[in-house]
Amino acid sequence: MEADKLTALAAALEYVEQNLTSEFSQEKCARYACCSLSGLQKLFRSVFRRSVGDYVARRRLTAAARELQQTDRTALDIACLLYTSPSP
C-alpha cells in the first residue's frame, strides 16, 4: 500500500476513535484524513472489506462489549453513551 494511503488510513482511524461516542460524519472523517469521501470509502473497502459506516458501527459494538465486561455500567447506560446520535 502506498504511503499516502497509509497516512490517510491512520488519520481516518484516529478520527473514528476520537468520535466513537459522538456524532460521526464520513465527510468530516475524509477531510481529517485529507482525502475525498469516495477515496475514504474505497480505502476502507479495500483494507477492511466493509464500508466506513459498518466499520464505525462494529467499533461501537466492540467498545460497548468492552464497557459491559470491564465496568459496572448497565447496557442501557452504555447504549446511551455510544448511540446518542444517528448511525453513520
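These legends walk through a few views of a predicted model of one protein chain.

**View 1. The whole chain is built from helices.** Here you get five helices and zero strands. Follow the sequence from start to end and the pattern reads α-α-α-α-α. The C-alpha atoms fit a box of roughly 45 × 20 × 20 Å along the principal axes. Of the contacts between residues at least 6 apart in sequence, 50% link residues at least 24 apart.

**View 2. The largest nonpolar core draws on every helix.** This core holds 21 residues, and A12, V16, F24, C29, L40, F44 and V52 have the most contacts inside it. At least two core residues come from each of α1 (3-18), α2 (26-32), α3 (37-48), α4 (52-70) and α5 (75-82). The top contributor is α1, which gives six residues. As background, nonpolar side chains in soluble globular proteins tend to be buried together.

**View 3. A closer look at F44 and its contacts.** F44 is among the core residues with the most contacts inside the core. Skip its neighbours within four places in sequence, and F44 still touches L9, A12, L13, R49, R50, V52 and Y55. Two of these partners, A12 and V52, also appear with F44 in the list of best-connected core residues.

**View 4. The outside of the chain, and its charges.** Buried residues account for 32% of the 88 residues in the chain. About 5,600 Å² is exposed, with 53% of that area coming from carbon and sulfur atoms. As for charge, there are 12 positive and 10 negative ones, and their mean positions lie 6 Å apart.

Key
Residues numbered from 1 in each chain as written. Predicted model: local features only at pLDDT ≥ 70, side-chain atom pairs only at ≥ 80, totals over all residues. Heavy atoms only, no water. Helix = DSSP H or I, 4+ residues; strand = E, 2+ residues; numbered from the N terminus. Buried < 20%, exposed > 50% of the residue type's maximum accessible area, 1.4 Å probe, protein only. Contact = heavy atoms within 4.5 Å. Areas by Shrake-Rupley, 256 points an atom, 1.4 Å probe, with all protein chains shown as cover. Lys, Arg positive; Asp, Glu negative; His and termini not counted. Charge placed at Lys NZ, Arg CZ, Asp CG, Glu CD. Core = buried A, V, L, I, M, F, W, Y, C linked by side-chain atoms within 4.5 Å.
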